[in-house]
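Got your viewer open? Load the model below and keep the selection box handy. We'll go stop by stop.

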Amino acid sequence: MSPPRKTYVLKLYVAGNTPNSIRALRTLNNILEQEFQGVYALKVIDVLKNPQLAEEDKILATPTLSKVLPPPVRKIIGDLSDRERVLIGLDLLYEELSDNGFS
């Protein structure tokens with residue numbers, strides 16, 4: 001029996017339906033479906049509709065992906081097109097390398 005996998009809680013801050021926002025959401029959904037396989041919760045926050053949420057979380061640019069759980073909190077700014085950078089930012093790539101004996 002394999003150990004239970006971590007559940008990831010993520011927030012993606014976007015500013016409306018801009019090309020960068022749409023690309024970030026599409027890319028993130030692709031990564032989550034391939035790599036996280038149901039062990040995540042994603043909340044998409046439009047800062048144009050909910051500016052107070054962006055202010056509370058100190059979001060200065062969009063799109064921004066914030067990993068809330070598991071700790072530590074991490075933020076990635078941009079359209080998330082660099083898949084490896086996203087995986088490293090979410091601590092997933094490092095764990096995969098460690099699990100495969102590459103640490």
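Among contacts between residues at least 6 apart in sequence, 65% join residues at least 24 apart, where contact means heavy atoms within 4.5 Å. Before you click around: this is a predicted model, so local features need pLDDT of at least 70 and side-chain atom pairs count only at pLDDT 80 or more, while totals for chains, interfaces and linings use all residues. Residues are numbered from 1 along each chain as its sequence is written, and side-chain values use heavy atoms, with hydrogens and water left out.

**The whole chain**

Switch to cartoon and colour by secondary structure. You get 4 helices and 4 strands, in the order β-α-β-α-β-β-α-α from the N terminus on. Helices (H or I, at least four residues) and strands (E, at least two) are DSSP runs, numbered from the N terminus. Of the 103 residues, 37% are buried; buried means under 20% relative accessible area, exposed over 50%, and partly exposed in between (1.4 Å probe, protein chains only). Now turn on the surface: the protein exposes about 6,500 Å², with carbon and sulfur atoms supplying 55% of it. Those areas come from the Shrake-Rupley method with a 1.4 Å probe; for residues, only the protein chains shown count as cover.

**Select 19–36: helix H1**

H1 has 18 residues and spans 25 Å from its first C-alpha to its last, close to the 26 Å expected at 1.5 Å a residue. (That expectation is 1.5 Å times one less than the number of residues.) Show side chains for Ser 21, Ala 24, Thr 27, Leu 28, Ile 31, Leu 32, Glu 35 and Phe 36, which are buried. They cover an arc of only 135 degrees around the axis, so they sit on the same side of H1; the arc is that of the directions from the helix axis to the C-beta atoms. Spin to the face turned away from that buried side and you meet the exposed Pro 19, Arg 26 and Glu 33. Just after H1, Gln 37 takes a positive phi of about 40 degrees.

Zoom in on Ile 31, also in H1. Its relative accessible area is 0%, so Ile 31 is buried. Leaving aside neighbours within four places in sequence, Ile 31 is in contact with Phe 36, Arg 83, Val 86 and Leu 87. Draw a C-alpha to C-alpha distance from Ile 31 to Val 86 and you get 8.6 Å, with their positions 55 residues apart in sequence.

Compare Leu 25, another resident of H1. At 29% relative accessibility, Leu 25 counts as partly exposed. Not counting residues up to four places away in sequence, Leu 25 touches Leu 12, Leu 42 and Val 44.

**Select the core**

Which residues have the most contacts inside the largest nonpolar core? Pick Phe 36, Leu 65, Leu 80 and Val 86, in a core of 17 residues. A nonpolar core here is a set of buried Ala, Val, Leu, Ile, Met, Phe, Trp, Tyr and Cys residues joined through side-chain atoms within 4.5 Å. Strand E1 (8–14), helix H1 (19–36) and helix H3 (83–89) each supply at least two of its residues, and the largest share, 5 residues, comes from H1. Apart from this core lies another, of 6 residues, among them Tyr 13, Ile 45, Ala 54 and Ile 59.

Stay on Leu 80, in the loop between E4 and H3. At 4% relative accessibility, Leu 80 counts as buried. Its phi is near 65 degrees, a positive value in a residue other than glycine. Beyond its neighbours within four places in sequence, Leu 80 is in contact with Leu 12, Ala 24, Thr 27, Leu 28, Leu 65 and Val 86.

**Select 64–69 and 74–77: the strands**

E1 and E3 (residues 64–69) pair in the antiparallel sense over 5 bridges; two strands pair if DSSP finds at least two bridges between them. E3 also joins E4 (residues 74–77) through 4 bridges, again antiparallel. Click Thr 64 in E3: Tyr 13 stands opposite, and in E4 the bridge partner of Thr 64 is Ile 77. Further along, Ser 66 has Lys 75 in E4 as its bridge partner.

E3 and E4 form a hairpin with 4 residues between them. Select Pro 70 in that loop; the peptide bond from Leu 69 to Pro 70 is cis, with omega near -10 degrees. Pro 72 is in the loop between E3 and E4 too, and a cis peptide bond joins Pro 71 and Pro 72, with omega about 0 degrees.

**Last stop: Lys 58**

Finish in the loop between helix H2 (51–56) and E3, where Lys 58 lies. Its phi is near 55 degrees, positive in a residue other than glycine. Is Lys 58 buried or exposed? At 64% relative accessibility, Lys 58 counts as exposed.
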